[in-house]
Amino acid sequence: MRIDKYLWCVRYYKTRSIATTACKKGQVKVNGDVVKPSREVYATDVIELRKDQINYKLKVNDIPESRVGAKLVDIYRTDITPKEQFEAQELLKFAKDYYRKKGVGRPTKKDRRDIDDFTNENE
């Protein structure tokens with residue numbers, strides 16, 4: 001089965017064209033090599049893909065006939081993504097909370113309330 005079709009079948013991408021685009025951009029590797037969307041995938045291959053700033057790593061167990069339900073995905077792949085990848089995603093969420101650079105412009109009403117709450121807690 002083609003790699004783009006496999007990633008679509010095991011529900012890593014919503015559409016096959018999105019999976020094809022990810023392969024063309026070099027976000028998908030099979031056994032450490034960047035692959036084209038037409039690359040055949042076999043059982044025991046290790047696929048690495050970058051999606052939503054997380055480097056997923058999965059092992060192919062079997063090839064599905066067509067797109068499978070979410071409950072059946074684990075039959076066809078084993079997720080071997082390191083836990084550090086998901087922890088890094090959590091840290092990235094905290095970094096995005098700070099939306100305005102320090103010293104740029106006046107504080108918004110929300111900023112002012114946060115500052116007041118912080119100073120009242122310290123007293």
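Helices and strands are here DSSP runs, numbered from the N terminus, a helix having at least four residues and a strand at least two. The structure described in these terms is a predicted model. Over residues 1-64 the chain is 25% helix and 28% strand, and the C-alpha atoms at the two ends of that stretch are 9 Å apart. The same residues, 1-64, are covered by the annotation "domain: RNA-binding S4", which comes from an unreviewed UniProt entry.

The description may begin with the helices at the start of the chain. Asp4 belongs to helix α1, which spans residues 3-9. Asp4 is buried, because its relative accessible area is 2%. Its side chain is joined to that of Arg2 by a polar contact of 3.1 Å. Beyond the residues up to four places away in sequence, Asp4 touches Arg16, Ala19, Thr20, Cys23 and Pro37.

One of these partners, Thr20, lies in helix α2, residues 16-24. Thr20 has a relative accessible area of 17% and is therefore buried, the limit for that class being under 20%. When neighbours within four places in sequence are left aside, Thr20 is in contact with Asp4 and Pro37. The C-alpha atoms of Thr20 and Ile63 are separated by 18 Å, with their positions 43 residues apart along the chain.

The cysteines can be considered next. How many disulfides does a search of the whole structure find? The search finds zero. Cys9 takes part in no disulfide, and the nearest cysteine sulfur, that of Cys23, is 13 Å away. A disulfide would require the two sulfur atoms to be within 2.5 Å. Cys9 counts as buried because its relative accessibility is 0%. Cys23 is buried as well, at 2% relative accessibility.

From the helices, the account moves to the sheet. Five strands form an open sheet in the order β2-β1-β3-β4-β5, and their pairing is antiparallel. Its edge strands are β2 and β5 (77-79), each of which pairs on one side only. At one edge, β1 (residues 28-30) pairs with β2 in the antiparallel sense over two bridges. Within this pairing, Lys29 has Val34 of β2 as its bridge partner.

Strands β3 and β4 run antiparallel and are joined by six bridges. Lys51, for instance, has Ile54 of β4 as its bridge partner. Strand β4, residues 54-60, presents two faces: Ile54, Tyr56, Leu58 and Val60 make up the covered one, whereas Asn55, Lys57 and Lys59 make up the uncovered one. On its other pairing, β4 meets β5 in the antiparallel sense over three bridges. There Lys59 stands opposite Thr78 in β5.

The turn of the β3-β4 hairpin deserves separate attention. Two residues lie between these strands. Most residues other than glycine have a negative phi. Asp52, although not a glycine, has a positive phi of about 55 degrees. Gln53 likewise is a residue other than glycine with a positive phi, near 60 degrees. Both backbone values belong to the loop between β3 and β4, where Asp52 and Gln53 are placed. Is Asp52 buried or exposed? Asp52 is exposed, because its relative accessible area is 53%, and the class begins over 50%. Gln53, at 44% relative accessibility, therefore counts as partly exposed.

Another loop connects β2 (33-34) with β3 (46-51), and Thr44 is located in it. Thr44 is exposed, because its relative accessible area is 57%. Apart from neighbours within four places in sequence, Thr44 is in contact with Lys59 and Val60. Those two residues have been met already in β4, Lys59 on the uncovered face and Val60 on the covered one.

Thr44 also provides a link to a later part of the chain. Thr44 and Thr119 are 75 residues apart in sequence, and their C-alpha atoms are 58 Å apart in space. Helix α5 comprises residues 109-122, 14 residues in total, and reaches 20 Å from its first C-alpha to its last. That span is close to the 20 Å expected at 1.5 Å a residue. Of the 14 residues of α5 the number buried is one, so the helix lies largely in the open.

Conventions:
Residues are numbered from 1 along each chain as its sequence is written. This is a predicted model: local features need pLDDT of at least 70, side-chain atom pairs count only at pLDDT 80 or more; totals for chains, interfaces and linings use all residues. Side-chain values use heavy atoms; hydrogens and water are left out. Buried means under 20% relative accessible area, exposed over 50%, partly exposed in between (1.4 Å probe, protein chains only). Contact means heavy atoms within 4.5 Å. The expected span of a helix is 1.5 Å times one less than its number of residues. UniProt positions are given in the numbering used here, feature names are shortened, and annotations may be inferred rather than shown by experiment. A polar contact is a pair of N or O atoms within 3.5 Å; within protein, one must be able to donate a hydrogen and the other to accept it, and residues adjacent in sequence count only if both atoms are side-chain atoms. Two strands pair if DSSP finds at least two bridges between them.
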